[in-house]
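Work through the exercises below with the sequence and the model in view. Each task is followed by a stepwise solution.

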Amino acid sequence: MNKNKASKILLYIFSFMLFAPLSSFSKEAINFNKIHIVDLTHVFDASTIAWPTEKSGFELKPSFKGITKSGFFYFSNTFCSPEHSGTHLDAPMHFAQGHWTSSDIPVERFVGPAVVVDISRQAARNVDYRLTREDLNNWEKTHGRVPKDAIFLLRTGWSQKWPDRKAYLGDDTPGDVTKLHFPSFGSEVVSFLIQERGVRMIGVDTASIDYGQSQDFIVHRLVGAANVPALENLSDLEKLPATGATIVALPMKIGQGSGAPTRVIAFYP
């Protein structure tokens with residue numbers, strides 16, 4: 001097999017993986033000018049918000065920037081970051097001993113059809129709001145049943161508060177997680193999504209898949225026990241349709257990691 005033919009086959013497979021959920025597959029090449037691509041990732045920099053118990057934040061240190069002795073320009077940095085900082089993935093092992101770490105998660109889990117449920121109105125009235133079964137039932141009446149293997153994304157509107165730490169977390173006391181206030185998932189609906197809808201991943205535009213006042217982190221424990229990864233600190237979910245988008249969420253492949261910084265993007269026609 002020549003290289004050109006092999007390249008075409010790889011492009012065919014990759015295109016099918018990304019866009020088959022969007023519409024019936026065509027043998028014609030995909031016109032990328034007709035595809036919306038949305039970045040759902042906050043920039044990692046000195047203002048990046050980490051979980052309050054982290055002892056450090058994101059750091060970028062220059063290694064070299066300038067003209068080398070050989071006369072050409074060269075630029076390189078060193079970075080350091082907590083796993084659970086900025087837009088990131090929680091591996092199941094984060095709260096479930098013996099389950100997948102970041103490097104164990106099968107790569108196909110990082111790609112799938114998106115379902116976006118909007119609770120921003122409820123969250124605006126109640127900063128401690130949690131997604132309920134009634135919210136999901138109402139969504140399914142309008143948009144249809146959540147498909148198996150969906151990536152279920154919860155939009156609260158909280159990404160608009162980024163990177164104001166106090167507004168985003170509800171409190172900015174270092175090391176203290178007892179005063180946090182922000183909305184997220186409820187445990188009953190997450191159990192339903194895992195057991196009855198078979199979601200492959202969940203995600204939210206707040207600092208945690210458990211709401212701010214949680215002290216038992218039951219949602220983390222539920223998804224971890226089911227080997228369902230989670231995305232936190234997502235951005236710009238308001239740019240996605242309720243259905244019809246495909247998510248690609250690629251974390252750093254940290255060996256035996258409990259999580260990892262993640263670049264999350266969405267495609268839709």
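**Exercise 1.** How many aromatic pairs does a search of the whole structure find?

Solution. The model is predicted: local features need pLDDT of at least 70, side-chain atom pairs count only at pLDDT 80 or more, and totals for chains, interfaces and linings use all residues. Residues are numbered from 1 along each chain as its sequence is written, and side-chain values use heavy atoms, with hydrogens and water left out. Rings of Phe, Tyr and Trp (its six-membered ring) pair if their centres lie within 6.5 Å; planes under 30 degrees apart count as stacked, over 60 as edge-to-face and the rest as tilted. The search finds 7 aromatic pairs.

**Exercise 2.** Classify the pair Phe 58 and Phe 79, and place both residues.

Solution. Step 1: the ring centres are 6.1 Å apart and the planes are at 20°, so this pair is stacked. Step 2: Phe 58 is in the loop between β1 (36-39) and β2 (59-67), while Phe 79 belongs to strand β3 (residues 73-80), so the pair ties together parts 21 residues apart in sequence. Strands (E, at least two residues) and helices (H or I, at least four) are DSSP runs, numbered from the N terminus. Step 3: buried means under 20% relative accessible area, exposed over 50%, partly exposed in between (1.4 Å probe, protein chains only). Phe 58, at 15%, is therefore buried; Phe 79, at 46%, is partly exposed. Step 4: Phe 44, Phe 58 and Phe 79 form one aromatic cluster.

**Exercise 3.** Do the same for Phe 95 and Phe 217.

Solution. Step 1: with centres 5.6 Å apart and planes at 35°, the pair is tilted. Step 2: Phe 95 lies in the loop between β4 (88-90) and β5, and Phe 217 in the loop between β9 and α6, 122 residues apart. Step 3: Phe 95 has 32% relative accessibility and so counts as partly exposed, whereas Phe 217, at 16%, counts as buried.

**Exercise 4.** Which residues have the most contacts inside the largest nonpolar core?

Solution. Step 1: a nonpolar core is a set of buried Ala, Val, Leu, Ile, Met, Phe, Trp, Tyr and Cys residues joined through side-chain atoms within 4.5 Å. Step 2: the largest one has 24 residues, and those with the most contacts inside it are Val 117, Leu 131, Val 146, Phe 152, Phe 185, Ile 202 and Ile 209. Step 3: its largest share, 4 residues, comes from α5. Step 4: a second, separate core of 21 residues includes Ala 114, Leu 234, Leu 237 and Ala 266.
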